[in-house]
Amino acid sequence: MKAILTIAGSDSSGGAGVQADIKTITAHALYAESAVTALTAQNTQGVAAVLPTPPDFLEQQLECIFTDIPPDAVKIGMLPGIGQMAAVRHALQKFRPPNIVLDTILLSTSGTHLMDPQALSYFKAHIIPLADVCTPNLPEAEFLLHTKIKTRQERVAAARQFALQYKSAVYLKGGHDAVSADDLLYSQGVPLWIPGERISNPNTHGTGCTLSSAIACGLACGLSLEESARKAKEYIAGAIADGLDLGRGNGPLNHMYRIK
């Protein structure tokens, strides 16, 4: 059985972060491992508090994982500060795992900052270049590239700039587009549109975590980046379309919609 490591924050409501990642990996019939970067107190209505994991303890988690059950792919989510980033960077450079997928999380779905603003420079210089593929949404890409992205042509230009600047393939998510839900994969200088229908469901908590984990699952199983991205897009569309409705705010997806 292939193993997937998620390095991310814990979501106490179960819709995003480590919990969403583990559900996604399990739904793909793979083995999930986790290194928790922070505890959060949150629910579907927002994030109440964040407690970062001490960097030395995070490094111990990673050491235990890599020296016993080495992962076939790694998904990286929330990294709250420079200490946690340095611990992750040290482990990845030491153990050199394959198939690193980085979800460039800057804000929660509800708008809470999940990264210390002072850590952004370190993140851009030392974490993003470690990834084989990054999965920013449109606002994150705009922020990281200091640009505005409105048209499809601007998306292609932004993806090209991201790949050149950060030396990584990029899966630019289109969920914030008011018209379509098409995503753009840019790899090895080639842009590829992955179409998607906009689904009428306000419950989208954890979509970014879920998508990046699903891509990691495909890569771990030996699929190409394109095929992994297409299958991840299909999976997340089904999880949204299932119509799960929990909580009083922006509710979670049904990660287990294929299991009836």
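In this predicted model, the axes of helix 7 (residues 207-220) and helix 8 (residues 225-241) come within 8 Å and cross at roughly 140°. You might be tempted to call that antiparallel, but that label is kept for angles over 145 degrees. Helix 7 and helix 8 are therefore oblique to each other. As for the hand of the crossing, helix 7 passes helix 8 in a right-handed way.

Now look at who does the touching. On the helix 7 side you'll find Thr207, Thr210, Leu211, Ala214, Ile215, Gly218 and Leu219. Helix 8 answers with Leu225, Ser228, Ala229, Ala232, Lys233, Tyr235, Ile236 and Ile240. Sorted by class, the contact of helix 7 with helix 8 has ten nonpolar residues, four polar ones and one charged one.

Pick out one of those contact residues, threonine 210, which sits in helix 7. Is threonine 210 buried or exposed? Its relative accessible area is 0%, so threonine 210 is buried. Skipping its neighbours within four places in sequence, threonine 210 is in contact with Ala20, Asp21, Thr24, Tyr235, Ile236, Leu253 and His255. Two names on that list, Tyr235 and Ile236, belong to the helix 8 side of the packing described above. If you want a longer-range bearing, try valine 36: threonine 210 and valine 36 are 174 residues apart in sequence, while their C-alpha atoms are 16 Å apart in space.

Next, move over to helix 2 (residues 55-66) and helix 3 (residues 82-95). Their axes lie 8 Å apart, and the packing angle is about 25°. Angles under 35 degrees count as roughly parallel, and helix 2 and helix 3 are therefore roughly parallel to each other. Here too the crossing is right-handed, with helix 2 passing helix 3. Helix 2 brings Pro55, Leu58, Glu59, Leu62, Glu63 and Phe66 to the meeting. From helix 3 come Gly83, Gln84, Ala87, Val88, His90, Ala91, Leu92, Lys94 and Phe95. By class, the contact of helix 2 with helix 3 has nine nonpolar, three polar and three charged residues.

Helix 3 has another partner to check, helix 4 (residues 120-127). Helix 3 and helix 4 pack at an angle of about 10°, with 10 Å between their axes. With an angle like that, helix 3 and helix 4 are therefore roughly parallel to each other. Ile82, Met85, Ala86 and Arg89 of helix 3 make the contact with Tyr122, Phe123, His126 and Ile127 of helix 4. Class by class, the contact of helix 3 with helix 4 has six nonpolar residues, one polar and one charged.

Isoleucine 127 is worth a stop, and its place is in helix 4. Its relative accessibility is 2%, so isoleucine 127 counts as buried. Leaving out neighbours within four places in sequence, isoleucine 127 touches Leu79, Met85, Arg89, Leu102 and Tyr122. Serine 108 lies 19 residues away along the chain, and its C-alpha atom is separated from that of isoleucine 127 by 19 Å.

Phenylalanine 123 was also in the helix 4 contact list. With its neighbours within four places in sequence set aside, phenylalanine 123 is in contact with Leu79, Met85, Leu102, Thr104, Met115, Ile128 and Pro129.

That brings us to the cores. Which residues of the largest nonpolar core touch the most other members? Of its 42 residues, Leu62, Ile76 and Phe123 do. Helix 6 (residues 152-166) gives this core its largest share, six residues. Apart from it lies another core, of 26 residues, and among them are Tyr171, Leu185, Ile215 and Tyr235. Ile215 and Tyr235 should ring a bell, since both were in the contact of helix 7 with helix 8.

Finish with a couple of backbone oddities. Lysine 167 is in the loop between helix 6 and strand 7 (169-172). Lysine 167 isn't a glycine, yet its phi is positive, at about 60°. With a relative accessible area of 64%, lysine 167 is exposed. Glutamine 188 is in the loop between strand 8 (183-187) and strand 9 (190-194). Glutamine 188 has a positive phi of about 55°, again without being a glycine. At 79% relative accessibility, glutamine 188 counts as exposed.

Definitions and conventions:
Residues numbered from 1 in each chain as written. Predicted model: local features only at pLDDT ≥ 70, side-chain atom pairs only at ≥ 80, totals over all residues. Heavy atoms only, no water. Axes fitted to C-alpha atoms, helices over the stretch in contact; angles between N-to-C directions. Helix = DSSP H or I, 4+ residues; strand = E, 2+ residues; numbered from the N terminus. Parallel < 35°, antiparallel > 145°, perpendicular 65-115°, else oblique. Left-handed = near helix turned anticlockwise from the far one by under 90°. Contact = heavy atoms within 4.5 Å. Nonpolar A, V, L, I, M, F, W, Y, C, P; charged D, E, K, R; others polar. Core = buried A, V, L, I, M, F, W, Y, C linked by side-chain atoms within 4.5 Å. Buried < 20%, exposed > 50% of the residue type's maximum accessible area, 1.4 Å probe, protein only.
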